[in-house]
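Me: I should like to learn how the terms used for a protein structure are justified. Please set each value against its definition.

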Amino acid sequence: MPQFFAQTANVKPLIMPVVQFDDGSYQTDSTPIILKLENAAPSNRTVLLNDPALNFVNLLIEDFADEWLAKCIFHYRFAYDADREFGPRWVMDDAFPGANTEQLHEKHEMFLARQTERMPLVGCTPANAELIEMTYEKVLTILNSHVALEKFLFGSAPSFADFGLYGPLHTLGLDPTPQQIMREKAPRVDNWVRRLGDLSGLNGNFVEFEKLPRALFELVALIQQLYLPYLEANAKAIDAGESEFAVRLLDSEYSQSAFKYQAKCLQKLRETYDSLGDIDKRRLESEFQLTL
């Protein structure tokens with residue numbers, strides 16, 4: 001929690017995680033952190049694919065996991081009593097391991113109040129709860145059959161997308177309510193997330209375009225039905241100077257505050273897509289029915 005410590009209080013954007021690099025600079029947000037580490041420590045064990053079209057899918061899934069599955073974490077952690085007691089307490093205990101029981105209780109209550117107040121800002125409202133929970137279960141269903149047979153999304157090596165999914169799914173697999181859902185409905189995903197916790201020394205290969213697993217197509221289809229329309233509605237609201245927006249997603253009405261950062265996410269995805277050659281764009285449209 002960078003805002004709680006003097007050395008990181010001025011880092012922007014003020015979000016987790018924070019990594020300090022060798023030159024003393026700080027970087028927040030997992031997406032640019034991973035890309036910066038790719039350049040800082042180049043090796044054959046990359047999380048980026050050489051195939052430009054597939055690498056766009058790789059980046060798209062990571063962005064979806066980073067931005068949408070974070071809503072699932074926020075929702076479950078602060079909407080259910082057991083999670084409101086467990087999640088904020090271990091976050092504060094992790095941030096302040098020297099706190100005594102009374103101090104930990106005070107920090108838990110402070111953090112719980114702060115995060116509960118922020119729920120409407122990120123769309124974690126009672127009106128949106130059913131959609132958020134449905135999308136969590138859809139992701140679990142897609143992944144459960146895949147990880148029972150394959151190591152990772154793009155073959156025997158972990159990709160940007162795999163680690164993007166690992167982040168939120170790891171936390172969802174810890175908090176009581178989403179953990180129970182994962183273990184009951186997607187036990188192989190629960191095992192997979194634990195394996196991803198330490199892949200040191202692993203070497204593998206990415207599959208060719210013609211050998212992509214069904215799970216990739218299902219994830220991209222979900223993203224096109226859910227995440228891209230959400231990003232587009234948010235960006236339109238930002239462009240129009242509106243503070244809130246509403247959009248229909250998966251036959252459900254969804255509304256929340258407009259966020260400049262997520263407008264930047266869409267802009268970055270479009271820039272990456274626009275940088276692709278015509279052949280790669282046609283491959284994405286032909287195989288995934290994907291255009292931006």
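**Reasons behind the terms**

Me: Why is Arg283 called partly exposed?
Reply: Arg283 has 22% relative accessibility. Buried means under 20% relative accessible area, exposed means over 50%, and partly exposed lies in between, with a 1.4 Å probe and protein chains only. Arg283 therefore counts as partly exposed. The model is a predicted one, in which local features need pLDDT of at least 70 and side-chain atom pairs count only at pLDDT 80 or more, while totals for chains, interfaces and linings use all residues. Residues are numbered from 1 along each chain as its sequence is written, and side-chain values use heavy atoms, with hydrogens and water left out.

Me: What makes the link between Arg283 and Asp280 a salt bridge?
Reply: The N to O distance between the side chains of Arg283 and Asp280 is 2.6 Å. A salt bridge requires a side-chain nitrogen of Lys or Arg within 4 Å of a carboxyl oxygen of Asp or Glu, and this pair meets in one. Asp280 is itself buried, because its relative accessible area is 13%.

Me: How far apart along helix 13 are Arg283 and Asp280?
Reply: They are three residues apart in helix 13 (residues 278-288), so about one helical turn separates them. Salt bridges with shared partners join Asp51, Asp280 and Arg283 into one network. Helices (H or I, at least four residues) and strands (E, at least two) are DSSP runs, numbered from the N terminus.

Me: How many salt bridges does the structure hold, and what makes Asp190 and Arg194 one such pair?
Reply: The structure holds 10 salt bridges. Asp190 and Arg194 form one of them, with 3.6 Å from N to O. They lie four residues apart in helix 9 (residues 187-196), so they too are separated by about one helical turn. Asp190 is buried, since its relative accessible area is 9%. Another salt bridge joins Arg248 and Glu253, whose closest N and O atoms are 2.8 Å apart.

Me: How do you know whether Glu38 has a salt bridge?
Reply: Glu38, a residue of helix 1 (residues 30-40), is buried and has no salt bridge. The nearest side chain of opposite charge belongs to Arg45, and it is 9.5 Å away. A polar atom of the Glu38 side chain does lie 3.3 Å from the backbone nitrogen of Val47. Beyond residues up to four places away in sequence, Glu38 touches Arg45, Thr46, Val47 and Leu48; touching, or contact, means heavy atoms within 4.5 Å.

Me: Is Gln256 buried or exposed, and what joins its side chain to Lys71?
Reply: Gln256, found in strand 4 (residues 252-257), has 4% relative accessibility and so counts as buried. A polar contact of 2.6 Å joins its side chain to that of Lys71, and another of 2.5 Å joins it to the side chain of Tyr254. A polar contact is a pair of N or O atoms within 3.5 Å; within protein, one must be able to donate a hydrogen and the other to accept it, and residues adjacent in sequence count only if both atoms are side-chain atoms.

Me: Why does Glu67 count as buried?
Reply: Its relative accessibility is 11%, so Glu67 counts as buried. Glu67 is placed in helix 2 (residues 52-67). Its side chain makes a polar contact of 3.0 Å with the side chain of Gln262. Setting aside residues up to four places away in sequence, Glu67 touches Tyr227, Tyr261, Gln262 and Cys265.

Me: Why is helix 3 described as largely enclosed?
Reply: Nine of the 11 residues of helix 3 (residues 69-79) are buried, so the rest of the structure largely encloses this helix. Among the buried residues are Lys71, Phe74 and Tyr76.

Me: Which residues form a nonpolar patch on the surface?
Reply: Phe86, Trp90 and Leu174 form the patch, with about 240 Å² of accessible area together; areas come from the Shrake-Rupley method with a 1.4 Å probe, and for residues only the protein chains shown count as cover. Patches are made of residues with over 30% relative accessible area and no salt bridge, like charges being joined within 9 Å and nonpolar side chains (Val, Leu, Ile, Met, Phe, Trp, Tyr) within 5 Å. Trp90, in helix 4 (residues 81-95), has a relative accessible area of 31% and is therefore partly exposed.

Methods
Lys, Arg positive; Asp, Glu negative; His and termini not counted.
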